Amino acid sequence: MSPLPGLRLDGKVALVTGIANDRSIAWGCAQAFRAQGAALAVTYLNERARPHVAPLAEAAEAELLLPLDLGQEGQLEAVFEAVRARWGRLDLVLHSIAYAPREDLQGRVTDCSRQGFLQAMDISCWSFIRMAKLAEPLMPQGGTLFCMSYLGAEQVVANYNLMGPVKAALESATRYLAAELGPQGIRVHAISPGPIRTRAASGIAQFDSLAEQAAAEAPLRRLARIEEVGMTAAFLASEAGAGMTGQTLYVDGGYHIAD
């Protein structure tokens, strides 16, 4: 079989948010983007997180390493301004950030607090819309935006609780963004991995049991790896994926079709 040059990302600029450590889904995506030739800008949450992220950014030859706490006014805008100053444009944006206060995440949706619900929606969903707005003027030739979802957006998953409605909103926002930005050649996708043992997943009650059940019931009899999520994102960002937008793509060993 002949090579497929359309899978390369040479000359493209990618902004990757949400790396916490080497088990992060965002890290799998950053590796894949760089392997396919993209230049990288990477963010870290705060100074406590920086020692865990900086070596990964260096390993991936990231040209920018920037702080991004979505709860801090102006930090997101500063990230996009730094990208604009460095490259003058942007081709790929990966949003892999989710948060809900532990007491709201581990309780019933019925009992969640107003403040907890709004904070979860702000950090986990509205921030993706904010990123799309900031990315749009940097993508005059088109580009691709990604967010990370989960099966709990469309099915009731035990212990996923508040994040279910939040991820459902995120997937809906993905479709609306795809419709609105499509005429400018900007494609928007949600990727839905199955359970992956990330730092964020540790906040979900009985996560290990959830992951074991998913691995046992998935047609492939295993969980997806962060590298596989990354390769899917790289494909979608490439010319090979140029005819696709507005989709939620499952990278979960087929668990979403299991009974």
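Here are legends for a set of close-ups of one predicted model.

**View 1. Helix α2 and its buried side.** Start with α2, which spans residues 50-59 and has V53, L56 and A57 as buried residues. Those three cover an arc of only 100° around the axis, which puts them on the same side of the helix. That fits the usual geometry: an α-helix has 3.6 residues a turn, so residues three or four places apart point the same way. What do the buried residues of α2 pack against? Their partners are α1 (25-35), β2 (39-44) and β3 (64-67). Flip to the face turned away from the buried side and you meet P51, E58 and A59, which are exposed. Just after α2, have a look at the backbone of E61, where phi is positive at about 60°.

**View 2. L40 in strand β2.** This close-up stays with one of the elements that α2 packs against, β2. L40 has its place in that strand, and with 0% relative accessibility it counts as buried. Setting aside neighbours within four places in sequence, L40 is in contact with A14, V16, A30, F33, R34, A60, A62, E63, L64 and W87. For a sense of scale, try E103: L40 and E103 are separated by 63 residues in sequence and by 35 Å in space, going from C-alpha to C-alpha.

**View 3. A100, a position flagged in a record.** UniProt lists A100 under "binding site", and the entry is an unreviewed one. Where does A100 lie? Look in the loop between β4 (92-95) and α4 (102-105). Relative accessibility here is 9%, so A100 counts as buried. Not counting residues up to four places away in sequence, A100 touches L105, A120, L162 and M163.

**View 4. The R108 and D111 pair.** Side chains of opposite charge can pair when their charged atoms come close. The count for this model comes to ten salt bridges, and one of them joins D111 to R108. The closest N and O atoms of D111 and R108 are 2.8 Å apart. Are the two partners, D111 and R108, buried or exposed? Both D111 and R108 are exposed.

**View 5. A salt-bridge network around E228.** Here R222, R225 and E228 are linked in a network of salt bridges. E228 pairs with R222, where the closest N and O atoms sit 2.7 Å apart. E228 also pairs with R225, and there the closest N and O atoms are 2.9 Å apart. How does each member of the trio sit relative to the surface? E228 counts as buried because its relative accessibility is 17%, which falls under the 20% cut-off. R222 comes in at 30% relative accessibility, so it counts as partly exposed. R225 is partly exposed too, with a relative accessibility of 45%.

**View 6. Cysteines without a partner.** A disulfide is a covalent bond between the sulfur atoms of two cysteines. How many disulfides does a search of the whole structure find? The tally is zero. C112 is in no disulfide, and the nearest cysteine sulfur, that of C125, is 15 Å away. What about C125? Its closest cysteine sulfur belongs to C147 and is 8.2 Å off, which is too far for a bond. As for its surroundings, C125 has 5% relative accessibility and therefore counts as buried.

**View 7. H189 and its polar contacts.** H189 is found in strand β6, which covers residues 186-193. With 0% relative accessibility, H189 counts as buried. Which backbone atoms lie close to polar atoms of its side chain? One is the backbone oxygen of M244, 3.1 Å from a polar atom of the H189 side chain. Another is the backbone nitrogen of Q247, which lies 3.4 Å from a polar atom of that side chain. Leaving out residues up to four places away in sequence, H189 touches T144, L145, F146, C147, T174, L236, M244, T245, G246, Q247 and L249. C147, one of the residues in that list, is the cysteine whose sulfur came up in the C125 view.

Conventions. Residues numbered from 1 in each chain as written. Predicted model: local features only at pLDDT ≥ 70, side-chain atom pairs only at ≥ 80, totals over all residues. Heavy atoms only, no water. Buried < 20%, exposed > 50% of the residue type's maximum accessible area, 1.4 Å probe, protein only. Helix = DSSP H or I, 4+ residues; strand = E, 2+ residues; numbered from the N terminus. Arc of directions from axis to C-beta. Contact = heavy atoms within 4.5 Å. Salt bridge = Lys/Arg side-chain N within 4 Å of Asp/Glu carboxyl O. UniProt positions renumbered as here; feature names shortened; annotations may be inferred. Disulfide = S-S within 2.5 Å. Polar contact = N/O pair within 3.5 Å; in protein donor to acceptor, adjacent residues only side chain to side chain.
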